[in-house]
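User: Please take a close look at one part of this protein for me: the salt bridges, and the setting they sit in. Short sentences are fine.

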Amino acid sequence: MQSDEVRRLPEYTALTRARKIIVWPLSLANIVAYFALVLMIAFKPAALGTPIGEGVTSIGMVLGLGIILFCMVLTGVYVHYANTVLEPLERAIREKAGDLS
């Protein structure tokens with residue numbers, strides 16, 4: 001099957017639309033989170049060094065760990081979306097591509 005024929009399939013259009021629906025918001029959330037932390041480091045470094053309670057753990061350490069956990073959650077959201085929405089569309093495209101060859 002030619003790539004032009006695949007691009008004309010309604011499943012292909014749905015797949016590209018579904019990818020855009022998830023990729024842009026997740027990417028934007030990731031970028032905003034990282035830039036917020038970097039801007040805090042640049043403009044409010046003393047605030048990030050403030051200890052939490054009587055221990056040695058600072059606000060900056062908590063925010064850094066929060067960014068890591070946030071990215072893990074975003075990854076989980078994408079994996080779930082890919083498994084439930086994108087994979088069925090890709091499977092349908094492969095089946096139709098096999099029928100057209």
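Analyst: What follows starts with the overall layout, then turns to the salt bridges and two other spots.

The model is predicted. The protein chain has 4 helices and 0 strands. Read from the N terminus, the order is α-α-α-α. The radius of gyration is 21 Å, well over the 13 Å that the globule rule gives for 101 residues, so the chain is more spread out than a compact globule. The C-alpha trace spans about 70 × 25 × 15 Å along its principal axes. Buried residues make up 21% of the 101 residues. The accessible surface comes to about 7300 Å². Carbon and sulfur atoms account for 68% of that surface.

Now the part you asked about. The structure holds 4 salt bridges. Three of them are described here, beginning with R19 and E90.

R19 pairs with E90, and their closest N and O atoms are 2.8 Å apart. This pair links distant parts of the chain. R19 sits in helix 2 and E90 in helix 4, 71 residues apart. How accessible is each partner? R19 has 36% relative accessibility, so it counts as partly exposed. E90 has 16%, so it counts as buried; the cut-off for buried is under 20%.

E90 has a second partner. Its side chain also meets that of R94 in a salt bridge, at 3.5 Å from N to O. E90 and R94 are separated by about one helical turn, because they are 4 residues apart in helix 4. R94 is exposed, with a relative accessible area of 52%. Through shared partners, R19, E90 and R94 are joined into one network. Within it, E90 is buried, whereas R94 is exposed.

Another salt bridge lies in helix 1, residues 3-7. Here D4 pairs with R7, with the closest N and O atoms 3.6 Å apart. The two are 3 residues apart, about one turn of the helix. D4 is partly exposed at 46% relative accessible area. R7 is partly exposed too, at 49%.

Next, the helices that carry the R19–E90 link. Helix 2 covers residues 10-43, which is 34 residues. From its first C-alpha to its last, helix 2 reaches 49 Å. That is close to the 50 Å expected at 1.5 Å a residue. The buried residues of helix 2 are E11, L15, A18, I22, L26, A33 and L37. Contacts along the chain also reach far: among those between residues at least 6 apart in sequence, 67% join residues at least 24 apart.

Helix 4 runs over residues 59-100. Just ahead of it is S58, in the loop between helix 3 (45-48) and helix 4. S58 has 12% relative accessibility, so it counts as buried. Leaving out residues up to four places away in sequence, S58 touches L48, G49, T50, P51 and I52.

I52 also belongs to a nonpolar surface patch, with M40, I59, V62 and L63. Together the five have about 360 Å² of accessible area. The largest share of the patch, 3 residues, comes from helix 4. One residue of that helix is I59. I59 is partly exposed, with a relative accessible area of 33%. That value qualifies I59 for the patch, because patch residues need over 30%.

In short, helix 2 and helix 4 are linked by the R19–E90 pair, and R94 joins the network through a salt bridge with E90.

How values were computed
Residues numbered from 1 in each chain as written. Predicted model: local features only at pLDDT ≥ 70, side-chain atom pairs only at ≥ 80, totals over all residues. Heavy atoms only, no water. Patch = residues over 30% accessible without salt bridge, like charges linked within 9 Å, V, L, I, M, F, W, Y side chains within 5 Å. Areas by Shrake-Rupley, 256 points an atom, 1.4 Å probe, with all protein chains shown as cover. Buried < 20%, exposed > 50% of the residue type's maximum accessible area, 1.4 Å probe, protein only. Rg over C-alpha atoms; globule rule 2.2 N^0.38 Å. Contact = heavy atoms within 4.5 Å. Expected span 1.5 Å × (residues − 1).
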